[in-house]
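Opening the notebook on a new chain today. I'll jot down what I look up as I go.

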Amino acid sequence: MQGAAVVTEEEAKRIVDAISAERFQPFLDECGGDPLVALRLYYWDGEASRAFLSALRDFEVAMRNSFHAKLAGRYSRADWWDSPRVQLTGKGLQQVRNARSALQQELVTGVTADDMVAKLTLGFWVGLTGRGRNYEMQFWNPALRHAFRGYQGRRGSLQQQLDHVRRFRNRIGHHERICHRHLEKDFETLLELMEYVSPEKAALHRQFSQIPEVLARKPLVLSGAEPVRL
């Protein structure tokens with residue numbers, strides 16, 4: 001690799017061995033089999049993932065907090081998931097049980113509603129906008145639609161966008177490559193959803209996010225004109 005540090009082909013081979021040939025192969029395929037260029041792509045892919053994590057974090061936290069506030073108000077209790085009026089799917093119930101069990105092992109003190117909100121997965125929160133056990137009447141119409149200020153579309157269309165973001169977040173969380181995706185579109189989808197939930201946060205990310213700069217760096221990094229960032 002060119003840039004701040006020069007990596008020889010032998011050093012690159014040892015780095016690839018540490019990554020694993022199977023994991024590295026898609027990067028090689030995308031770079032015409034050139035291991036040095038593929039290694040630059042691999043590290044740029046990590047840079048892009050790190051850049052997206054900031055926006056994904058802000059969106060996820062804002063959405064789950066808004067959902068929680070709306071549902072706690074509707075059911076008049078902070079642990080609304082335990083209300084006898086709430087009918088979760090089997091998967092939803094298991095997600096609640098898993099979160100509670102993990103917290104009971106982690107915490108010396110009792111598990112609070114705030115602990116649960118932070119522990120429940122993005123998949124759980126996105127799932128509340130799905131069909132579920134009549135989720136449209138339980139959650140969407142009376143409560144969750146109000147978390148998306150200005151949204152005029154149908155629940156199903158929004159749920160598809162949210163699930164798209166969930167799957168994208170999980171790819172990053174599991175260290176899977178994202179360089180083959182239309183990342184500019186991913187960023188716009190994320191900002192659009194964030195604007196519904198927290199327009200203030202969306203405005204900050206539109207102005208200050210490093211994502212556009214990182215995406216623009218890709219051809220320069222691959223050519224060796226700019227160094228990789230670790």
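**Burial and overall build**

I started with burial: of the 230 residues in the chain, 42% are buried. Note to self: this is a predicted model.

Next I pulled the secondary structure, and I get 11 helices and 0 strands. Read from the N terminus, the element string is just α-α-α-α-α-α-α-α-α-α-α.

For the extents, I took the box along the principal axes, and the C-alpha atoms fill roughly 65 × 40 × 30 Å. I then looked at how far apart in sequence the contacts reach. Counting contacts between residues at least 6 apart, 66% join residues at least 24 apart.

The accessible surface comes out at about 12300 Å², and carbon and sulfur atoms own 50% of that. On charges, I have 33 positive and 28 negative side chains, with the centres of the two sets 9 Å apart.

**Cysteines**

How many disulfides are there? I count 0. I checked Cys 31 to see why: its closest cysteine sulfur is in Cys 179, 7.7 Å away, and that is too far for a bond, given that the cut-off for a disulfide is 2.5 Å. Coming from Cys 179, the closest cysteine sulfur is the one in Cys 31, again at 7.7 Å and too far.

Buried or exposed, I wondered about Cys 31. Cys 31 has 14% relative accessibility, so I log it as buried. Cys 179 is at 4%, so it goes down as buried too.

**Aromatic pairs**

I find 16 aromatic pairs in the structure. The one I opened up was Phe 52 with Phe 168: ring centres 5.0 Å apart and planes at 85 degrees, so I call it edge-to-face. This pair links distant parts of the chain, with Phe 52 in helix H3 (residues 35–75) and Phe 168 in helix H8 (residues 155–173), 116 residues apart. Phe 52 is buried at a relative accessible area of 0%, and Phe 168 is buried at 2%.

Then I went to Phe 67 and Phe 148, an edge-to-face pair at 5.7 Å centre to centre with 75 degrees between the planes. Phe 67 sits in helix H3 and Phe 148 in the loop between helix H7 (135–140) and H8, so this pair ties together parts 81 residues apart in sequence. I have both Phe 67 and Phe 148 down as buried.

Which residues do ring pairs join into a cluster? My list reads Tyr 75, Trp 80, Trp 81, Phe 124, Trp 125, Tyr 135 and Phe 139.

Note on methods: Residues numbered from 1 in each chain as written. Predicted model: local features only at pLDDT ≥ 70, side-chain atom pairs only at ≥ 80, totals over all residues. Heavy atoms only, no water. Buried < 20%, exposed > 50% of the residue type's maximum accessible area, 1.4 Å probe, protein only. Helix = DSSP H or I, 4+ residues; strand = E, 2+ residues; numbered from the N terminus. Contact = heavy atoms within 4.5 Å. Areas by Shrake-Rupley, 256 points an atom, 1.4 Å probe, with all protein chains shown as cover. Lys, Arg positive; Asp, Glu negative; His and termini not counted. Charge placed at Lys NZ, Arg CZ, Asp CG, Glu CD. Phe/Tyr/Trp six-rings, centres within 6.5 Å; stacked < 30°, edge-to-face > 60°.
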